[in-house]
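Colleague: I would like to go through this model with a few short questions. Please give the reasoning before each result.

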Amino acid sequence: MNQFDIELKKGNFVTSECQYCQKIVWPPSNYCNKCLNPVRWRDVSLYGKIIEWSKKGNDIFCISEFENTIRIIGKLDGKDKTIRSGKSVKLSNCSMNDKCKFFFTLIE
C-alpha cells in the first residue's frame with residue numbers, strides 16, 4: 001500500500017510529484033515514471049472540470065480532470081440538467097474501502 005491508498009482511506013486526495021523534474025506522477029507511485037527519482041506527496045487541488053459524463057438511471061457519472069493532468073471517474077452529486085463537458089466541479093468526498101470512490105459537486 002502506498003501513500004495514495006493510505007491518504008484516500010482517510011478521505012484525502014493526494015498525488016506524487018517528482019522532486020527533480022517537477023512532474024506530477026499519475027497514477028501515483030513512489031518513484032517518478034520519467035526520471036525514476038523518489039517523489040514527494042502533496043494534496044491535489046479539489047477543483048477540476050468535467051471531461052466526459054454519462055447517466056445511468058438517476059445517477060450521473062463523470063470523468064473529471066484536476067490540475068490539467070489527473071483524471072478520475074466519480075459520481076456527480078445532484079440532479080442538474082445543465083451538465084456538460086467543461087463545467088467546473090469540486091471534489092466533495094473521496095474514500096477507499098475495497099475500491100476508490102470519488103464524488104463531485106457542480107460549481108455554478
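Colleague: Leaving aside neighbours within four places in sequence, which residues is Ser64 in contact with?
Modeller: This is a predicted model, so the answer holds for the model as computed. Ser64 sits in strand 5. With neighbours within four places in sequence left aside, its contacts are Lys49, Ile50, Ile51, Ile70, Arg71, Ile72, Val89 and Phe104.

Colleague: Is Ser64 buried or exposed?
Modeller: Buried means under 20% relative accessible area. Ser64 has a relative accessible area of 0%, so Ser64 is buried.

Colleague: Which strand gives the most to the largest nonpolar core?
Modeller: The largest nonpolar core has 21 residues, and Phe13, Phe66, Phe102 and Phe104 have the most contacts inside it. At least two residues each come from helix 1, strand 5, strand 6, strand 7 and strand 8. With four residues, the one that gives the most is strand 7.

Colleague: Which residues does Phe102 touch, not counting those up to four places away in sequence?
Modeller: Phe102 is among the residues with the most contacts inside the largest nonpolar core. Not counting residues up to four places away in sequence, Phe102 touches Phe4, Leu8, Phe13, Ile72, Ile73, Gly74, Lys75, Leu91, Asn93 and Cys94.

Colleague: Tyr47 is part of a nonpolar patch on the surface. How does Tyr47 count by relative accessibility?
Modeller: Tyr47 lies in strand 4, residues 47–56. Together with Leu46 and Ile107, Tyr47 forms a patch with about 260 Å² of accessible area. Because its relative accessibility is 48%, Tyr47 counts as partly exposed.

Conventions. Residues are numbered from 1 along each chain as its sequence is written. This is a predicted model: local features need pLDDT of at least 70, side-chain atom pairs count only at pLDDT 80 or more; totals for chains, interfaces and linings use all residues. Side-chain values use heavy atoms; hydrogens and water are left out. A nonpolar core is a set of buried Ala, Val, Leu, Ile, Met, Phe, Trp, Tyr and Cys residues joined through side-chain atoms within 4.5 Å. Buried means under 20% relative accessible area, exposed over 50%, partly exposed in between (1.4 Å probe, protein chains only). Contact means heavy atoms within 4.5 Å. Patches are made of residues with over 30% relative accessible area and no salt bridge: like charges are joined within 9 Å, nonpolar side chains (Val, Leu, Ile, Met, Phe, Trp, Tyr) within 5 Å. Accessible areas come from the Shrake-Rupley method with a 1.4 Å probe; for residues, only the protein chains shown count as cover. A salt bridge is a side-chain nitrogen of Lys or Arg within 4 Å of a carboxyl oxygen of Asp or Glu.
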